[in-house]
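I opened my notebook to look around inside a protein. Here is what I looked up, step by step.

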Amino acid sequence: MKREMHNGASIYHQQLVEEITRLEWEMFSEVSNVGGQASCQRNNGTFGIMRKAQHSVWSDDTLESYKTDLLVAAVEQRNLMTCKYGYMMAKTFPEEYEGIKDQLPEIGAEKRELATMLTLQHNAWTKAVAAKYPHLCSLGRPLDDVEAGDGSWPSVENYFFCELLTYSNKTLRLCKRDFEEAEKRGENLALQILKEMARYRGYERLEDLESALSKRNG
């Protein structure tokens with residue numbers, strides 16, 4: 001039976017995105033930080049926009065698998081957001097990472113290989129987007145670890161790679177399939193995510209948002 005469509009995506013797909021974002025927020029708001037809760041942990045609106053946009057590009061199968069990852073982690077009392085930020089510290093705060101790395105789940109060979117492969121493709125897509133929309137992309141994180149340098153602000157590359165490390169191998173294999181199918185269609189998934197973010201903020205065309213930022217920046 002054909003599923004009802006809304007804004008180009010099935011209602012079921014949108015429900016999965018909403019459920020996953022809710023589960024992630026429950027974990028994100030519980031992440032412990034030095035100095036107490038960060039301001040972004042009280043901003044559910046921005047968090048929702050960012051996460052829904054990212055999840056929007058995955059297939060239903062991939063979303064279903066990732067939702068299972070989140071539910072299993074919750075039952076096992078593992079906070080996948082805490083794990084992600086912990087892995088990121090290997091690049092941003094290497095000395096502190098040495099003190100916590102034994103508390104993080106070990107990364108198997110298949111997981112690391114899949115995460116590395118997906119990150120390389122995501123990097124290529126992200127850089128292509130940045131070349132076309134420089135003002136918009138300048139508002140975000142450094143694109144890769146080279147651009148980030150020795151700073152504590154994580155790059156898009158580090159953030160994406162370490163998030164993938166929290167996914168199950170099954171979910172990563174499905175992500176790989178989604179990437180391969182996007183490549184066959186000639187689609188840039190990083191661009192699709194950016195378009196979705198802009199839509200959530202009231203812009204139907206990225207060109208309009210880029211133009212507005214260009215004028216603001218003089």
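Before anything else, I need one cut-off: a residue counts as buried when its relative accessible area is under 20% and as exposed when that area is over 50%, with partly exposed in between. I should also note that this is a predicted model.

**Entry 1: Asp178**

I wanted to know whether Asp178 is buried or exposed. The relative accessible area of Asp178 is 6%, so I put Asp178 down as buried, as 6% falls under the 20% limit. I found Asp178 in helix α10, which covers residues 169–185. Next I looked up what Asp178 touches, not counting residues up to four places away in sequence: Trp58, Ser59, Thr62 and Leu189.

**Entry 2: Leu172**

I stayed in helix α10, where Leu172 also lies. Leu172 has a relative accessible area of 0%, so Leu172 goes down as buried too. Which residues is Leu172 in contact with, leaving aside neighbours within four places in sequence? I got Lys111, Leu114, Leu118, Leu164 and Tyr167. I then checked Leu114 against Leu172: the two are 58 residues apart in sequence, yet 6.5 Å apart in space, C-alpha to C-alpha.

**Entry 3: the cavity**

I went looking for empty space next. Rolling a probe the size of a water molecule over the atoms shows where such space is left. I counted one cavity of 30 Å³ or more, and the largest cavity comes out at about 40 Å³. What lines the largest cavity? My list reads Val57, Trp58, His122, Phe160, Phe179, Leu189, Ala190 and Ile193. Trp58 and Leu189 were already in my notes as residues that Asp178 touches. Helix α11, residues 189–200, gives the largest share of this lining, with three residues. I sorted the lining by class and got seven nonpolar residues, one polar and no charged ones.

**Entry 4: the whole protein**

Last, I zoomed out. I noted twelve helices and two strands, and along the sequence the two strands come before the helices. Of the 218 residues, 45% are buried. The protein exposes about 12300 Å², and carbon and sulfur atoms supply 52% of that area. I also looked at contacts between residues at least 6 apart in sequence: 69% of them join residues at least 24 apart. The contact between Leu172 and Leu114, with their places 58 residues apart in sequence, is my own example of a long reach.

Terms used. Residues numbered from 1 in each chain as written. Predicted model: local features only at pLDDT ≥ 70, side-chain atom pairs only at ≥ 80, totals over all residues. Heavy atoms only, no water. Helix = DSSP H or I, 4+ residues; strand = E, 2+ residues; numbered from the N terminus. Buried < 20%, exposed > 50% of the residue type's maximum accessible area, 1.4 Å probe, protein only. Contact = heavy atoms within 4.5 Å. Areas by Shrake-Rupley, 256 points an atom, 1.4 Å probe, with all protein chains shown as cover. 1 Å grid on protein atoms, 1.4 Å probe; cavity = no way out; pocket = protein on both sides within 12 Å on 5 of 7 lines; lining within 4 Å. Points joined across faces, edges and corners; volume = space filled by probe spheres on them. Nonpolar A, V, L, I, M, F, W, Y, C, P; charged D, E, K, R; others polar.
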